[in-house]
Amino acid sequence: MASHIGRRKFLATLGAAAAWPLAARAQQPAMPVIGFLGYGWREPNAVAAFQKGLNETGYIEGRNVAIEFRWAQNDNERLANFAADLVRRHVAVIAAYGGTPALAAKAATTTIPIVFTTAGDPVQMGLVASLNRPGGNLTGIANLHMQVSAKRLGLLHELLPRAARLAVLVNPNSRVAESEIADAQAAAAAIGRELDVVTAATSREIDIALASLVQKRTDGLLVGPHSFFLNRRAQLVTLTARLALPTMFGFREFAEAGGLMSYGANLSDQDRQIGIYAGRVLKGERPADLPVMQASKFEFVINLQTARMLGIDVPPTLLSLADEVIE
C-alpha cells in the first residue's frame, strides 16, 4: 500500500516538473514583431542596414524580435492591404520604407508606432505636425532629396556646360511628383536651360520616356529619387548607357551599378537610423517625442569608367568635389 502511495507521489511530482517549463514559457512575454512595409521589391541592402540599426539597440531578429516583411511591388492597393494586415496582426511597430508606405501605414492606424523614411517633406505630406515635435504615432528620417534638385542639376551642368536641353524623369505616382518637377524647373531656369519632363511608372514607360528624349536630342537627364527607379536601376543604367544619355541619379547605388553620376543621401545610413528608432520605440519611447531626423550625409559619386565609355572628359574641379570616384 505504502509503495503505491509513494509511486503516486512520484508520478505527481514528475507531472508537475514536466508541466513547469510549459507554465514558465507561457508567462514569458511574447517576442515583439516589427512590420516592415516597402513600396517596391525587397531591397537586401535596406534590410541589412535596418537590421544593423536594430542590433545597435540590442534587438536581433529571431532572438528577441521578429520582422514581418511586406513588399507591395509598386501596387498601391496591395500596399494598403499590407498595412491593414500588419495592423490586424497587432505588430509592435511599423517600419515604413518610403513616403508612400508611411502614408498607407498612417491611414491604417493611429495607435501603432510608425517609423518612416521619406524623400519628401514629412510636414507637407501630412505625416507629422513638425520635425522637432512630430506628435501622433509617427516619426522617422527625411532625406529631403527633392530639395537638392538644384544641386544635382548644377553638377550635371558643370559636367556638360554646353548642354542646352536637359530633362527630368519623374514617377507620376509619387506624392511629391509636383514639387519635384517645380524644383527641377526652377533650377533649370536659374541656369538658363530648357527642361523636358518625362514620366514613368512601369518598366515599359521607362523605355518609352527615354526613347522620346533621344528623339528630342536631350543632352542630359536627371532621374528622380524614387524607390520605383531604385528597383529598376539595372534597366535605367543599361538604357542610359545604350542611348548614350549622360544621367545624374539620386542614389549612389546607381553609380555603383554603372550609372554616370549620383548625388543624394546615403541610404544605408538612413535605413540604419530607422532601425535604431524602431529599437528605441520597442524599448518604450514614443514617436511623438522623437524628432524627425534629417539626412546629413550626402554623397557625390562619379563613375569614371562610364564617363570614358560615353566619351566625356570629367573636369578636375568636378573630380575634386566627388566623395567617391569609381575607376
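This report walks through the sheets, the cores and two buried residues of the structure above.

## Ground rules

What you're looking at is a predicted model, where local features need pLDDT of at least 70, side-chain atom pairs count only at pLDDT 80 or more, and totals for chains, interfaces and linings use all residues. Residues are numbered from 1 along each chain as its sequence is written, and side-chain values use heavy atoms, with hydrogens and water left out.

Helices (H or I, at least four residues) and strands (E, at least two) are DSSP runs, numbered from the N terminus.

## Strand 1 and its partners

Let's start with strand 1, residues 33-38. Five of its six residues are buried, so the rest of the structure largely encloses this strand. Buried here means under 20% relative accessible area, with exposed over 50% and partly exposed in between (1.4 Å probe, protein chains only).

Strand 1 runs parallel to strand 2 (residues 66-71), and six bridges join them; two strands pair if DSSP finds at least two bridges between them. Ile-34 has Ile-67 of strand 2 as its bridge partner. To get from strand 1 to strand 2, the chain passes through helix 2 (residues 44-56), making a right-handed β-α-β crossover. Right-handed means that, with the strands pointing away from the viewer, the path from the first strand over the helix to the second runs clockwise. Strand 1 also runs parallel to strand 3 (residues 93-97), this time over five bridges, and there Phe-36 is matched with Ala-95.

## The seven-stranded sheet

Further along there's an open sheet of seven strands, in the order 7-6-8-9-10-12-13 and with mixed pairing. Its edges are strand 7 (194-199) and strand 13 (324-326), each pairing on one side only. On average, neighbouring strands are turned by 20° against each other, direction ignored. Axes are lines fitted to C-alpha atoms, for helices over the stretch in contact, and angles run from 0 to 180 degrees between N-to-C directions.

Helix 6 (residues 177-190) packs on this sheet and touches strand 6 (165-170) and strand 7, its direction making about 165° with that of strand 6. Contact means heavy atoms within 4.5 Å. Helix 9 (residues 233-242) packs on the sheet too, touching strand 6, strand 8 and strand 9, at about 160° to the direction of strand 9. Strands 8 (residues 220-223) and 9 (residues 247-249) pair in the parallel sense over two bridges, with Leu-222 partnered by Met-248.

## Nonpolar cores

A nonpolar core is a set of buried Ala, Val, Leu, Ile, Met, Phe, Trp, Tyr and Cys residues joined through side-chain atoms within 4.5 Å. The largest one has 43 residues, and Ile-34, Phe-50, Leu-169, Leu-210 and Leu-236 have the most contacts inside it. Helix 11 (residues 267-282) gives the most to this core, with six residues. Among the contacts of Ile-34, leaving aside neighbours within four places in sequence, are Phe-50, Leu-54, Ala-278 and Leu-282. Another core, of 28 residues, lies apart from it and includes Leu-155, Ala-187, Leu-304 and Val-314.

## Two buried residues

Leu-318 sits in helix 13 (residues 316-321) and is buried, with a relative accessible area of 0%. Not counting residues up to four places away in sequence, its contacts include Leu-155, Met-261 and Phe-300. Leu-318 and Phe-300 are 18 residues apart in sequence and 9.8 Å apart in space, C-alpha to C-alpha.

Arg-252, in helix 10 (residues 252-256), counts as buried because its relative accessibility is 15%. Its side chain makes a polar contact of 3.0 Å with that of Glu-299. For a polar contact, a pair of N or O atoms must lie within 3.5 Å; within protein, one must be able to donate a hydrogen and the other to accept it, and residues adjacent in sequence count only if both atoms are side-chain atoms.
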